[in-house]
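Q: Could you take me through the reading of a structure like this one, feature by feature, giving the general idea and then the case at hand?

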Amino acid sequence: MFGEPMLRIYLAGEVAIECGDQLLREADLPGPQGRLALVYLVAERERAVPQSELAELLWPETLPASWPVALSAVISKLRQKLAIVGLDRERIIANAFRCYQFRPPPQTWIDLEAVADAVHHAEAAIAAGQPQVAYGPSLIATTIARRPLLVGEDAPWVAGRRLRLQELLVRALDCRVDALLANEELSLALDQARAAVELEPFRESGYRHLMQVLVRKGDRAEAIRVYNRCRQLLADELGVAPSSETQTLRQSLTEVSG
């Protein structure tokens, strides 16, 4: 006898909820406020969210005079939509003590949580000297973390979540580069290393990673140019020189070239 199908929740990219052959798409949600409320409650599901906190997120400029009623209407519509994929309307978004809490089934898969787990596993594999083991987790993490989060929203909470997702993406890219190098996929490794530098241009370790990939590809001249770009950027924008670790890597390229 088969168990119940896993509930899968996608918050990055198009917001969607899937359960078996039932799919609730972003277009089915009760407007932008319904989408934002759902993402917030899912992302903060480990705690009960005060109704006033959720209301301030949905109406950042001015709360409606009867905001408890307006908020209750948004949540009611969300519950109706979630029932389409077979979820218990009252349990999935619990309401008590003027708080709401999203309570999915125990084995629910949520994409943003999957990213964090995948990065953890990939980094653990790299630390253990097993870059091939990081191949799958790093691919999962980079694929999901590249998706945009809540396009059109600019609330501070959303900005913070985007920043956290970008940080996970950079860490996943680092692991992805190591895994691709171990698999001799040098061109793909170079693409991922460049992407990491573009995301965080002041992070020296990204430049070192990129330089190391270029050396593996036999392009020491380009590796030196990457160092020079890093040095110039740090000097122009921060008024500092590269770290001793970065300078040592640059020196090693000169010695080998010589």
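A: Let us begin with burial, where a residue is called buried if its relative accessible area is under 20%, exposed if over 50%, and partly exposed in between. Please keep in mind throughout that this is a predicted model.

Q: By that rule, is C99 buried or exposed?
A: C99 counts as buried, because its relative accessibility of 16% falls under the 20% cut-off. C175 is likewise counted as buried, here at 4% relative accessibility.

Q: How many disulfides are there?
A: A disulfide is a covalent bond between the sulfur atoms of two cysteines. In this model the count comes to 0 disulfides.

Q: How should I read salt bridges, and how many does a search of the whole structure find?
A: Side chains of opposite charge can pair when their charged atoms come close. Here the search of the whole structure finds 15 salt bridges, and one of them joins the side chains of E44 and R161, with an N to O distance of 3.3 Å. This pair links distant parts of the chain, since E44 sits in the loop between α1 (31-43) and β4 (49-50) while R161 belongs to helix α7 (residues 156-182), 117 residues apart. Both E44 and R161 are buried.

Q: Which residue forms a salt bridge with R45?
A: The partner is E113, and the closest N and O atoms of the two are 2.9 Å apart. Again distant parts of the chain are linked, with E113 in helix α5 (residues 111-127) and R45 in the loop between α1 and β4, 68 residues apart. E113 has a relative accessible area of 29% and is therefore partly exposed.

Q: Which residues are joined with E44 into one network?
A: To see this, take first the salt bridge in which the side chains of E53 and R47 meet, at 2.4 Å from N to O. E53 counts as partly exposed at 23% relative accessibility, and R47 counts as partly exposed at 31%. Salt bridges that share partners then join E44, R47, E53 and R161 into one network.

Q: How do I read aromatic pairs, and what is their count?
A: A pair of aromatic rings is described by the distance of the centres and the angle of the planes. The count for this model comes to 2 aromatic pairs. In the pair of Y40 and W157, the ring centres are 4.7 Å apart and the planes stand at 65°, so the pair is edge-to-face. Because Y40 lies in helix α1 and W157 in helix α7, the pair ties together parts that are 117 residues apart in sequence. Y40 and W157 are both buried.

Q: Where does the charged end of R8 sit?
A: The charged end of R8 sits over the ring of W109, at 4.2 Å from the centre of that ring. Another such case is R176, which lies over the face of Y135 at 4.4 Å from the ring centre.

Q: What can I read from the length of a helix such as α8?
A: One can set the span from first to last C-alpha beside the value expected at 1.5 Å a residue; helix α8 (residues 186-199), with 14 residues, reaches 20 Å, close to the 20 Å expected. Its buried residues include L186, A189, L190 and Q192, and what covers the buried residues of α8 includes α7 and α9 (204-216).

Q: Is V115 buried or exposed, and which residues does V115 touch?
A: V115, which lies in helix α5, is buried, with a relative accessible area of 0%. Leaving aside residues up to four places away in sequence, V115 touches A141, I144, A145, L165 and L168. By contrast, separation along the chain can be set beside separation in space for V115 and G86, which are 29 residues apart along the chain and have C-alpha atoms separated by 26 Å.

Q: Which residue other than glycine has a positive phi near 55°?
A: That residue is F97, found in the loop between β5 (93-96) and β6 (99-102), and F97 counts as exposed at 82% relative accessibility. R98 is not a glycine either, yet has a positive phi of about 60°. R98 is found in the loop between β5 and β6, and R98 counts as exposed at 70% relative accessibility.

Terms used:
Residues numbered from 1 in each chain as written. Predicted model: local features only at pLDDT ≥ 70, side-chain atom pairs only at ≥ 80, totals over all residues. Heavy atoms only, no water. Salt bridge = Lys/Arg side-chain N within 4 Å of Asp/Glu carboxyl O. Helix = DSSP H or I, 4+ residues; strand = E, 2+ residues; numbered from the N terminus. Buried < 20%, exposed > 50% of the residue type's maximum accessible area, 1.4 Å probe, protein only. Disulfide = S-S within 2.5 Å. Expected span 1.5 Å × (residues − 1). Contact = heavy atoms within 4.5 Å. Phe/Tyr/Trp six-rings, centres within 6.5 Å; stacked < 30°, edge-to-face > 60°. Lys NZ or Arg CZ within 6 Å of the ring centre and 35° of its normal.
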